[in-house]
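Colleague: I am a first-year student learning to read models of this kind, and I would like a close look at a single part. Could you take one buried residue and its helix as a starting point, and then work outwards from there in a connected way?

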Amino acid sequence: MVNTTRAVPGAQAVARAANLLRLVTASGEDGASLHELAQSADLSRSTTHRLLSALRAEGLVDRDEETARWMPGPELFLMGSVAAARYDITALARDIVRSLAVKTEESAFLSVRRADETVCLLREEGSFPIRSFVLSEGVRFPLGVASAGLAILSFLPDHDVDAYLDRHPELSERWGRTHGMKPLRARLAETKERGYAINPGLIVEGSWGMGAAVFDRAGRPEWALSLTGVEFRFGPDRIAHLGRTLLAHAHQLSSRIASARR
């Protein structure tokens with residue numbers, strides 16, 4: 001077998017390393033094994049190990065000696081602390097996310113758009129004792145899959161939506177037929193008309209989600225607030241109430257972001 005790593009142009013090697021960084025950070029506090037990372041990145045174990053070792057030497061990832069699992073490294077914290085001054089809105093959003101969880105009694109979240117994905121930044125537990133654990137800090141989903149990404153994608157310009165769907169024909173294969181182009185476009189249109197997204201257990205059966213886009217000063221949907229819970233909590237009458245509450249909080253956060261960045 002030819003060792004493709006040495007023949008890879010520099011940009012491709014950087015892209016592979018960056019993808020591994022995303023996978024490590026998305027793995028949460030427990031980290032990820034070499035096998036899991038190699039499988040998710042679609043790389044050989046040897047290539048994955050070489051890239052991780054190089055990232056570890058720079059402090060970007062770390063390896064737990066007892067479990068052999070890979071986790072974010074200290075340099076990521078330092079870089080993130082600097083970048084937060086420009087990109088982080090969690091300080092502005094934390095009380096709003098908490099208010100959303102209190103008023104709805106469901107788990108509430110703030111997610112940010114990063115290229116073709118959403119990344120969860122904040123989670124606040126609701127008081128209802130039965131919870132859905134589909135989403136937590138650091139978890140990523142493609143746009144249009146979870147309710148946050150569906151809300152964001154719905155309010156992007158039509159040409160951006162078309163380009164996104166052209167780039168990702170694999171959505172239906174990975175996430176099921178309900179994420180094929182026709183049903184996804186139908187959900188996008190419904191979301192835009194309604195104002196908020198509904199995910200009726202399309203990721204995990206019985207786990208429902210709702211999302212509303214949060215806009216920057218230029219009117220771009222860069223974040224989303226969302227709720228998740230068990231199916232019986234999302235009946236038709238209650239969904240309307242949750243939707244109004246979600247939109248009110250999303251509007252409050254959009255207004256706060258616009259005021260803070262003037």
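**Thr104 and its surroundings**

Modeller: Leaving aside residues up to four places away in sequence, Thr104 touches Leu227, Arg233, Arg238, Leu242 and Thr245. The model you are looking at is predicted, and the values below are computed from it. Thr104 belongs to helix H6, and with a relative accessible area of 1% it is buried, because buried means under 20%.

To see where several of these neighbours come from, it helps to look at the helix that packs against H6. Two packed helices are described by the angle between their axes and the distance between the axes. For helix H6 (residues 90–104) and helix H11 (residues 236–260), the angle is about 170° and the axes are 10 Å apart. H6 and H11 are therefore roughly antiparallel to each other, since an angle over 145 degrees counts as such. On the H6 side, the contact is made by Leu92, Ala93, Asp95, Ile96, Ser99, Leu100, Lys103 and Thr104. On the H11 side, the residues are Arg238, Leu242, Thr245, Leu246, His249, Gln252, Leu253, Arg256, Ile257 and Ala260. An α-helix has 3.6 residues a turn, so residues three or four places apart point the same way; you can keep this in mind when you follow the numbers in the two lists. Sorted by class, the contact of H6 with H11 has nine nonpolar, five polar and four charged residues.

Two members of that contact, Leu100 and Leu246, are also touched by Ser226, and this brings in another element. Ser226 lies in strand E8 (residues 221–230), and at 1% relative accessibility it counts as buried. Not counting residues up to four places away in sequence, Ser226 touches Leu100, Ser107, Ala108, Phe109, Leu135, Ser147, Ala148, Met210, Gly211 and Leu246. Ser147 and Ala148 in that list belong to helix H7 (residues 147–154) and are among its buried residues. The others are Gly149, Leu150, Ala151, Ile152, Leu153 and Ser154, and because eight of the eight residues of H7 are buried, this helix is largely enclosed by the rest of the structure.

Returning to the end of H6, the chain passes into the loop between H6 and strand E3 (107–114), where Glu105 is placed. Glu105 is partly exposed, with a relative accessible area of 35%, whereas Thr104 is buried. The backbone of Glu105 deserves a careful look too, for this residue has a positive phi of about 70° although it is not a glycine. Most residues other than glycine have a negative phi. Ala115 has a positive phi as well, of about 55°, and is likewise not a glycine. Ala115 is found in the loop between E3 and strand E4 (117–124), and at 60% relative accessibility it counts as exposed.

A distance can carry us from this loop to another region of the model: Glu105 and Glu36 are 69 residues apart in sequence and 34 Å apart in space, C-alpha to C-alpha. Helix H3 (34–41) packs against helix H4 (residues 45–57), their axes coming within 9 Å and crossing at roughly 105°. H3 and H4 are therefore roughly perpendicular to each other, unlike the roughly antiparallel H6 and H11. In this contact Leu34, His35, Leu37 and Ala38 of H3 meet Arg45, Thr48, His49 and Leu52 of H4, and by class there are four nonpolar, three polar and one charged residues.

Leu37 can also be related to Asn19, for the two are 18 residues apart in sequence and 9.7 Å apart in space, C-alpha to C-alpha. Asn19 has its place in helix H2 and is partly exposed, with a relative accessible area of 29%.

H2 and H3 both contribute to the second largest pocket, which has a volume of about 700 Å³. Of the 21 residues that line this pocket, the closest to its centre are Leu23, Ser40, Glu117, Arg140 and Arg174. The elements giving two or more residues to the lining are helix H2 (10–26), helix H3 (34–41), strand E5 (140–142) and helix H9 (171–175), and H2 gives the most, with five residues. By class, the lining has 10 nonpolar, four polar and seven charged residues.

Key: Residues are numbered from 1 along each chain as its sequence is written. This is a predicted model: local features need pLDDT of at least 70, side-chain atom pairs count only at pLDDT 80 or more; totals for chains, interfaces and linings use all residues. Side-chain values use heavy atoms; hydrogens and water are left out. On a 1 Å grid over the protein atoms alone, a cavity is a set of points where a 1.4 Å probe fits but cannot get out, and a pocket is an open set with protein on both sides within 12 Å along at least five of seven lines; lining residues have an atom within 4 Å of a point. Grid points are joined across faces, edges and corners, and a volume is the space filled by probe spheres set on the points. Helices (H or I, at least four residues) and strands (E, at least two) are DSSP runs, numbered from the N terminus. Ala, Val, Leu, Ile, Met, Phe, Trp, Tyr, Cys and Pro count as nonpolar, Asp, Glu, Lys and Arg as charged, and the others, Gly among them, as polar. Axes are lines fitted to C-alpha atoms, for helices over the stretch in contact, and angles run from 0 to 180 degrees between N-to-C directions. Angles under 35 degrees count as roughly parallel, over 145 as roughly antiparallel, 65 to 115 as roughly perpendicular and the rest as oblique. Contact means heavy atoms within 4.5 Å. Buried means under 20% relative accessible area, exposed over 50%, partly exposed in between (1.4 Å probe, protein chains only).
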